[in-house]
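Here is a friendly walk through a model you may like to keep open beside the text. We go from the overall layout to the core, then to one helix and a few single residues.

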Amino acid sequence: MPEGPEIHRAAAQLAKVLVGAPLERVFFAFPALKPYEPQLQTQKVLQVQARGKAMLIHFEQGLTIYSHNQLYGVWKVVKAGGEPVTARQLRLGLYTPKKSALLYSASDIAVLDPLGLEQHPYLTRLGPDVVDPETSLETVLARYQDKAWQRKRLISLLLDQHFLGGLGNYLRSEILFVAGVPPTYRPIDCSPKQCQRLAEASLHLPRQSFATAGITNDLERVEKLKAVGISRTHYRFYVFDRAGEPCYTCGTLIVRIEAGGRRLYYCPHCQAH
Ligand SMILES: [Zn+2]
């Protein structure tokens with residue numbers, strides 16, 4: 001499932017193709033949205049925005065296409081006239097003279113007016129977006145210190161889009177590791193220093209992942225690992241997907257557990273109680 005950094009990268013890619021370019025055609029697969037096709041294909045796209053795991057494509061006359069990829073949705077950008085080889089169902093197509101931006105498999109697509117956008121249930125309840133450069137460390141730290149969240153387990157909070165927007169499964173493991181926090185903790189169990197480190201990692205890791213197409217590991221270490229021929233699978237993360245491999249910091253073997261039905265990886269030494 002794509003997490004915030006991947007959605008933000010997709011938004012940046014779509015913005016390059018769509019913003020300001022004349023649209024030649026808009027295609028919606030869902031019959032309820034078809035009536036918007038003629039209206040939208042005469043307009044320009046003003047902005048493409050990622051919000052948590054949702055994508056917003058804003059048009060000049062005030063309408064916005066909202067889409068949420070959930071588990072299966074995927075955006076593909078191809079040259080005009082091209083079609084990616086895929087067995088997936090096309091759900092939304094935005095066609096310019098040069099490129100086509102195509103959304104496959106997503107089922108959560110809507111066209112919203114400004115009021116609809118303001119009242120959308122996913123967007124109104126979304127926590128501060130960790131990839132958005134406007135989100136400050138103070139805001140995120142306040143979230144960890146907020147009584148409303150303090151007694152909930154971090155393994156749930158770090159997947160909860162209402163707590164912080166844009167986190168997801170690999171970021172959950174990576175943030176806990178970088179903050180040196182055991183996966184069993186709630187914010188209230190953390191020392192002030194651990195809270196501070198959680199807040200810092202909650203911004204730093206998604207932003208680095210956005211900038212590097214998915215790498216959360218220490219970048220100096222990544223360069224050293226690359227230089228000796230280590231593959232991306234092995235240098236990408238601190239702990240995620242590394243069960244049975246030695247921790248880069250202390251050499252202890254990384255452990256995999258199930259937490260809330262999703263896999264979680266941690267170092268029993270660096271994240272000891
Ligand atoms: Zn360790």
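## Two domains and what joins them

The centres of domain 1 and domain 2, taken over C-alpha atoms, are separated by 30 Å. This is a predicted model, in which local features need pLDDT of at least 70 and side-chain atom pairs count only at pLDDT 80 or more, while totals for chains, interfaces and linings use all residues. Residues are numbered from 1 along each chain as its sequence is written.

The domain assignment of the protein chain gives domain 1 as 4-125 and domain 2 as 137-266; such bounds come from an automatic or database domain assignment. Where the two meet, eight residues of domain 1 are in contact with 11 residues of domain 2 (contact means that C-beta atoms, placed from the backbone, lie within 7 Å). Helix H1 (residues 4-18) gives the most to the side of domain 1 that touches domain 2, namely four residues. Helices (H or I, at least four residues) and strands (E, at least two) are DSSP runs, numbered from the N terminus. By type, that side of domain 1 has four charged, three polar and one nonpolar residue. Here Ala, Val, Leu, Ile, Met, Phe, Trp, Tyr, Cys and Pro count as nonpolar, Asp, Glu, Lys and Arg as charged, and the others, Gly among them, as polar.

## The largest nonpolar core

Which residues touch the most other members of the largest nonpolar core? They are Ile175, Phe177, Leu198 and Val239, out of 66 residues in that core. Helix H8 (residues 169-179) gives the most to this core, with seven residues. Domain 1 (4-125) and domain 2 (137-266) both give residues to the core, so it lies between them.

A nonpolar core is a set of buried Ala, Val, Leu, Ile, Met, Phe, Trp, Tyr and Cys residues joined through C-beta atoms within 7 Å. Buried means 20 or more other C-beta atoms within 10 Å of a residue's own, exposed means 12 or fewer, and partly exposed is in between, with C-beta atoms placed from the backbone.

Not counting residues up to four places away in sequence, Ile175 touches Leu158, Leu198, Ala201, Ser202 and Leu205.

## Helix H9

The 21 residues of H9 should span 30 Å at 1.5 Å a residue, and the end C-alpha atoms are 30 Å apart, which agrees. The expected span is 1.5 Å times one less than the number of residues. H9 also bends by about 25° at alanine 201 (the angle between axes fitted to the seven residues ending there and the seven starting there). Among the buried residues of H9 are Leu198, Ala201, Leu205 and Phe210. Their cover includes H1, helix H5 (137-145) and H8.

## Two positive phi angles

Most residues other than glycine have a negative phi. Two residues here depart from that pattern, as the table shows.

| Residue | Phi | Loop | Other C-beta atoms within 10 Å |
|---|---|---|---|
| Serine 105 | about 70° | between strand E7 (99-104) and strand E8 (108-112) | 16, partly exposed |
| Alanine 213 | about 60° | between helix H9 (192-212) and helix H10 (219-227) | 11, exposed |

## Tryptophan 149

Is tryptophan 149 buried or exposed? Tryptophan 149 is buried, with 21 other C-beta atoms within 10 Å, and sits in helix H6 (residues 147-150). Leaving aside neighbours within four places in sequence, tryptophan 149 is in contact with Arg143, Leu157, Phe163 and Pro187. Tryptophan 149 and valine 228 are 79 residues apart in sequence and 43 Å apart in space, C-alpha to C-alpha.
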